[in-house]
Amino acid sequence: MIYAYFILIFLLGIYNNKNISNNDYLYLSRKLTLPSFVATIVTTWYGGILEIGRFSYLNGIVTWVIFGLFYYISAIIFAIFIAPKLSTNNIQSIPKYFGIKYGNTSRRITSIVLIFLSSPAPYLMILSTLLIHILDISTNQALIFGILFSITYIYSGGLKSIIKTDIIQFIFMYSGFFVILIYLIINFGGFEFLITNLPDEHLNLSGKFPLGYILSWSLISMITFIDPSIFHRTYSSKDIKTIQNGFFISIIFWFIFDILTISLGLYAAAIIPIDTLNNLNPYIYLAENYLPVIIKNIFYIGLLSVVMSTIDSYFFISSILITNDLIDTKNRFSNKVALLIIGLLSYIISMNF
């Protein structure tokens, strides 16, 4: 099942990518439709999925406030007040806008900052953690596989390939988490089981954190306003209505997925004593020790879909920041060279930091 997943994603990524223009390669000629917008925004949003599992295992439903509610609010603000201006004024990226207003030096400095912000390296580490347990390979092998796998189909088809794979990964990520949640409810019990087996603070909206700490995350969530991938999808969409409706629909899907991911974290906390984790992520421990093989594979495919859909987007965005913003060239070949550079830098960062 796992190998079939990789083959399917790869074939979708490279299929029908010949003879596309530079504008189509980078921005789908600004014709991104509503279903595609929702699929790519929702899947790209959740790259740090193992951290959601760890945080909800340790802290409970306050995870939703910190990693969910505040981000919904930021997305609504972006959709209503920022996105229409970006679309109307044809703003491709933050560096491009800084370049227009403040000159080339400002554009390049902003590009460097955003290249680090959109680095795929953290998500490659998450992917390698999964691949080590799924395929029984080394960290080095997992990183090289993740980099080469993503770069190959992006190199071939650009944003078109990313959107095609995001749509199927959207389906897989929801299916994977939904199936395991149903399995846990059937085999361990519903809400009563959680109430009986969880610490009280796990079911408290504030958890064990002071209000000031929780509210600080409302500021952190505003990173949405400068997220390069969100700017890119906004610019690539065909009109303002698509963008705004896309964000509002995406928030609904984010809420549903947050319920799924946090519920699994709560079940992990209710089932697994913390001293038995042995430094494993709760999601991985739950899969390896409590799920039958087929259910486990479905869950792993869901996890892989979440993180891999973020990796390919961040590879692509980082390469665009190098070519279009840092050195200001619109050559598709340069963008492909930049992909290879980002791949090498991501490998070095992942192996050494």
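**Salt bridges**

I started with the charged pairs in this predicted model. My count of salt bridges came to 3.

I took Arg 54 and Glu 51 to begin with. The two form a salt bridge, and their closest N and O atoms are 2.7 Å apart. I checked where they sit: both are in helix H4 (residues 49-59), and because they are 3 residues apart there, about one helical turn separates them. Then I looked up accessibility. Arg 54 comes out at 35% relative accessibility, so I put it down as partly exposed. Glu 51, at 32%, is partly exposed too.

Next I pulled up Asp 325 and Lys 96. Their side chains meet in a salt bridge at 3.4 Å, N to O. Asp 325 belongs to helix H16 and Lys 96 to helix H6 (residues 94-102), so this pair ties together parts that are 229 residues apart in sequence. I asked myself whether these two are buried or exposed. Both Asp 325 and Lys 96 turned out to be buried.

The remaining entry on my list was Glu 288 with Lys 296. Their closest N and O atoms lie 3.6 Å apart, and I logged the pair as a salt bridge. Glu 288 has a relative accessible area of 34%, so it is partly exposed. Lys 296 has 17% relative accessibility; buried means under 20%, so Lys 296 counts as buried.

**H4 against H15**

Since I was already on H4, I checked how it meets helix H15 (residues 282-290). The two axes come within 7 Å and cross at roughly 90 degrees. That angle is why I wrote H4 down as roughly perpendicular to H15. I then listed the residues that touch. From H4 I have Ile 49, Leu 50, Ile 52, Gly 53, Arg 54 and Tyr 57, and from H15 I have Pro 282, Tyr 283 and Ile 284. So Arg 54 shows up in my notes again: it is part of this contact, and it also forms the salt bridge with Glu 51.

**The nonpolar core**

I went looking for the greasy part next. The largest nonpolar core holds 113 residues, and Phe 177 and Leu 304 touch the most other members. Which helix gives the most to this core? I found helix H16 (residues 293-326), with 17 residues. As background, I jotted down that nonpolar side chains tend to be buried together in soluble globular proteins.

I followed up on Leu 304. Leaving out neighbours within four places in sequence, I found Leu 304 in contact with Ile 2, Tyr 5, Phe 6, Leu 127, Leu 130, Leu 131 and Ile 134.

**Helix H3**

I ran a quick length check on H3 (residues 34-45). At 1.5 Å a residue, its 12 residues should span 16 Å; the end C-alpha atoms are 16 Å apart, so the two agree.

How many of the 12 residues in H3 are buried? I got 9, so I noted the helix as mostly covered. The buried ones are Ser 36, Phe 37, Val 38, Ala 39, Thr 40, Ile 41, Val 42, Thr 43 and Thr 44. I then asked what they pack against. My list has helix H10 (159-188), helix H13 (228-236), helix H14 (240-271) and H16.

**Loops**

I looked up Ser 237, which lies in the loop between H13 and H14. Its relative accessibility is 1%, so I counted Ser 237 as buried. Not counting residues up to four places away in sequence, Ser 237 touches Arg 30, Leu 32, Phe 37, Thr 242 and Ile 243. I had already met Phe 37 among the buried residues of H3.

Then I went through backbone angles. Most residues other than glycine have a negative phi. I wrote down Ser 29, with a positive phi near 55 degrees. Ser 29 sits in the loop between helix H2 (22-27) and H3, and with a relative accessible area of 25% it is partly exposed. I also wrote down Asn 90, where phi is positive and near 55 degrees. Asn 90 is in the loop between helix H5 (62-88) and H6; at 45% relative accessibility, I filed Asn 90 as partly exposed.

**One distance**

My last lookup was Leu 345, in helix H17 (residues 332-352). Leu 345 is partly exposed at 42% relative accessibility. Its C-alpha atom and that of Ser 206 are separated by 39 Å, with their positions 139 residues apart along the chain.

Notes. Residues numbered from 1 in each chain as written. Predicted model: local features only at pLDDT ≥ 70, side-chain atom pairs only at ≥ 80, totals over all residues. Heavy atoms only, no water. Core = buried A, V, L, I, M, F, W, Y, C linked by side-chain atoms within 4.5 Å. Buried < 20%, exposed > 50% of the residue type's maximum accessible area, 1.4 Å probe, protein only. Helix = DSSP H or I, 4+ residues; strand = E, 2+ residues; numbered from the N terminus. Contact = heavy atoms within 4.5 Å. Expected span 1.5 Å × (residues − 1). Salt bridge = Lys/Arg side-chain N within 4 Å of Asp/Glu carboxyl O. Axes fitted to C-alpha atoms, helices over the stretch in contact; angles between N-to-C directions. Parallel < 35°, antiparallel > 145°, perpendicular 65-115°, else oblique.
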